[in-house]
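Please examine the model shown here together with its sequence. The briefing is arranged by topic.

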Amino acid sequence: MKDEFPDHFLFGGAISASQAEGAYNEGGKGLDTQDLRYFDPEWTAEDLAKKSNRRMSKKKFDKALNDKDIEHYPFRHGIDFYHTYHQDLALMQELGLRVFRTSISWSRIFPNGDDETPNEEGIAFYDRLFSECHQRGMKVFVTILHYNIPVHLVLAYGGWKSRKTVRFFERYVDVLFHRLGRLVDYWLPFNEFNAGRFNPYNGVCVIKDEEKEYDQTIFQCLHHQFLANAIAVKKAHEIIPNAKVGGMIARFTTYPATCKPDDVMQMIHDDQYANFFYTDVMARGAYPAYMDRYFDRYGITVHKEPGDDELLKGNTVDFLSFSYYMSLVSTTDQSWEKTAGNLVMANKNPYLESSQWGWQIDPVGLRITLNQMYDRYGLPLFVAENGLGAKDTIADDGGIHDPYRIDYLSKHIEQLKKAIGDGVDLFGYTVWGIIDIVSCGSMEMEKRYGVIYVDFDNRGHGTGKRLKKDSFYWYQHCIRTNGRDLSR
Ligand code: BG6
C-alpha cells in the first residue's frame with residue numbers, strides 16, 4: 001500500500017442547507033429550528049463564548065417564533081444559496097470538485113413535518129440542484145438531517161422526544177428515496193449523531209428549561225434517532241438499488257494527558273461516551289456494554305419497545321464518516337488548562353497550535369482517527385468535514401491571501417495519504433464550508449472556512465459577491481494532481 005490516493009478519490013466540498021440556503025420562507029418552506037437561533041452582531045467574542053447558544057430557552061424560542069426580523073437570525077439569510085446555487089456550482093466545477101455534500105431542509109419537503117403530502121416546490125429545488133451537480137461532473141452526497149427540523153414538530157410533539165417524529169422522518173425519507181434517489185450517490189441520515197449530547201438544541205432540538213431530566217430526555221431522543229437511522233438504512237436499501245448509506249459523528253479524538261493509568265482510563269471513557277457509543281450502535285447494531293455503567297451512574301433508563309433491538313441489529317450502515325477539526329486531551333486533573341473546541345470546552349494540548357477560535361490543530365490526529373475507526377469497524381470511511389475557520393480580509397490587490405488555510409488543508413490531506421498507506425479504506429474527503437457560510441456554532445459569517453469568499457458580514461450585509469481565495473487555486477491544483485502535489 002502506497003501513501004497515495006486511488007484514482008477517482010472523492011475530493012470535494014461540503015455545506016449544509018441551513019447555513020447556506022437562506023430563503024427561509026420561500027418555495028413553500030416551513031419555519032425550522034435553526035431559523036429560530038438569535039444572533040446579535042454587536043456581541044464580542046467573549047459574549048459569544050459566554051452566551052453558549054447550545055442551550056435554547058423557552059423564552060428565546062417563543063420570541064423567535066413571532067419575530068419577522070432577518071438580520072438577527074443568520075440562518076434565515078445564509079449566503080442565499082437557494083438563489084445563487086447555479087453560479088456557486090459553476091465555481092465548484094471550476095475547482096474540480098468530484099463530490100458535493102449538502103443537506104436537505106426537512107421543512108422544504110414537509111413544511112410542518114407531519115403533512116400528509118410533500119411540498120412539490122421543495123422537491124423540485126433539490127431535483128434541480130442535484131441534477132446540476134451531475135451535469136457539472138460532481139457526485140452528490142446528501143445529509144438528510146443537518147440539525148434543522150420543522151418547528152411544528154417541536155411544538156406539537158416535542159420533536160425527537162416522541163416516537164411519532166420517527167414515523168414522520170420515515171415518511172420524509174420515503175419521499176426522498178423515491179423522488180430523488182436516482183440523483184444521490186451517498187446518503188447520510190444524520191449529521192454528527194453525537195450532537196444530541198454535546199449540542200442538544202441542534203442535535204435533538206430539546207429546549208433546556210422545559211426539561212426536568214435533561215440527560216434522560218436527551219438519551220431517549222437519541223434512541224429515537226437511532227431507530228430513525230436504522231429505518232433510513234432499511235428503506236434506502238429497499239427502494240434504491242445499490243444505495244450507500246453512512247453514519248456520521250463529530251470525531252473528538254482524544255489523548256491521555258500523561259501515561260498515568262488514570263488518565264488512560266479517562267481517555268478510554270471519553271472516547272466511548274463521546275464517540276464510539278454512536279458509531280457502535282450504527283455500525284454494530286447494538287448498544288455497547290460500556291454504556292450500562294454510564295446509564296447506571298447517571299440514572300438514565302432508555303425506554304425501548306419490542307422490535308427496536310432487531311431493527312438496529314438488522315440495519316447497520318454501509319460506511320462511516322466523521323467531521324474532524326481538532327483533537328482533545330483526557331485527564332482526571334481538573335485544574336488542567338482549558339481551551340475552546342467545536343461546541344465543547346477542551347483540555348489544552350501543549351504540543352499543538354490553535355485556530356483563532358481556540359480549536360487545537362492536529363493533522364496527525366486525523367491519521368490516528370482514520371486508523372482507529374478502520375481498525376474497529378473495517379468499514380469504508382469518508383471524511384465528511386475538515387477545514388479551518390478563520391477571519392479573512394480582502395487585500396489591497398483585491399486578492400484574499402489565506403496561507404493559513406492552505407497550510408491547514410495541505411497538512412491534513414498529507415495525513416490522509418499516510419492513512420491510506422496504513423491500509424485504511426478511505427474513499428472521500430470534503431472540505432467543510434467550501435464556500436463561506438454562516439458558522440453553525442457561533443453564528444458569525446466572519447468565521448470563514450471557504451476557498452470561495454462570500455461578501456457578507458455578520459449582519460448579513462454586503463454584495464454577496466463570490467471571490468476566489470488563494471486556497472481556491474491551491475485546492476484546484478491539489479485535485480488536478482489527485483493529491484500528489486500539495487506544495488504551497
Ligand atoms: C460541525 C457542523 O460540527 O462543525 C457544521 O456539522 C459546522 O455544521 C462545523 O459548521 C464547524 O463549526 P462552526 O461552529 O465553526 O461553524
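What follows covers the sheet, the helices packed on it, the nonpolar cores and two bent helices.

This is a predicted model, in which local features need pLDDT of at least 70, side-chain atom pairs count only at pLDDT 80 or more, and totals for chains, interfaces and linings use all residues. Residues are numbered from 1 along each chain as its sequence is written, and side-chain values use heavy atoms, with hydrogens and water left out. Helices (H or I, at least four residues) and strands (E, at least two) are DSSP runs numbered from the N terminus.

**The sheet**

- An open sheet is formed by 8 strands in the order β4-β3-β2-β1-β14-β13-β7-β5, with parallel pairing; two strands pair if DSSP finds at least two bridges between them.
- The edges are held by β4 (186–190) and β5 (246–250), each of which has a single partner strand, so one side of each is left without a neighbour in the sheet.
- On average, neighbouring strands of the sheet are turned by 20 degrees against each other, direction ignored; axes are lines fitted to C-alpha atoms, for helices over the stretch in contact, and angles run from 0 to 180 degrees between N-to-C directions.
- Strand β5 pairs with β7 (residues 319–323) in the parallel sense over 5 bridges, and Gly-246 has Phe-319 in β7 as its bridge partner.

**Strand β2 and its partners**

- In β2 (residues 99–103), 5 of 5 residues are buried, that is, under 20% relative accessible area with a 1.4 Å probe and protein chains only.
- Val-99, Arg-101 and Ser-103 point one way from β2, while Phe-100 and Thr-102 point the other way.
- Strand β2 runs parallel to β1, joined by 3 bridges, and parallel to β3, joined by 5 bridges.
- Phe-100 is the bridge partner of Gly-13 and stands opposite Val-140 in β3.

**Helices on the sheet**

- Helix α9 (residues 163–180) packs on the sheet and touches β3 (139–145) and β4, its direction making about 165 degrees with that of β3; contact means heavy atoms within 4.5 Å.
- Helix α17 (residues 403–421) lies across β1 (10–14), β13 (381–385) and β14 (426–432), and runs at about 170 degrees to β14.

**Nonpolar cores**

- A nonpolar core is a set of buried Ala, Val, Leu, Ile, Met, Phe, Trp, Tyr and Cys residues joined through side-chain atoms within 4.5 Å.
- The largest core has 153 residues, and Trp-160, Phe-169 and Tyr-475 have the most contacts inside it.
- Helix α12 (residues 214–239) contributes the largest share of this core, 13 residues.
- Beyond its neighbours within four places in sequence, Tyr-475 has contacts that include Phe-11, Leu-95, Ile-413 and Tyr-429.
- Another core, of 10 residues, lies apart from the largest one and has Val-99, Tyr-186, Ala-384 and Phe-427 among its members.

**Bent helices**

- Helix α5 (residues 81–95) spans only 18 Å between its end C-alpha atoms, whereas a straight helix of 15 residues would span 21 Å; the expected span is 1.5 Å times one less than the number of residues.
- The bend of α5 is about 40 degrees at Gln-87, taken as the angle between axes fitted to the seven residues ending there and the seven starting there.
- Buried residues of α5 include Phe-81, Tyr-85, Leu-89 and Leu-95, and Gly-96, just after α5, takes a positive phi of about 95 degrees.
- Helix α13 (residues 261–284) spans only 28 Å, against 34 Å for a straight helix of 24 residues.
- A kink of about 55 degrees in α13 is centred on Phe-276, and Gly-285, just after α13, takes a positive phi of about 80 degrees.

Notes:
Buried < 20%, exposed > 50% of the residue type's maximum accessible area, 1.4 Å probe, protein only.
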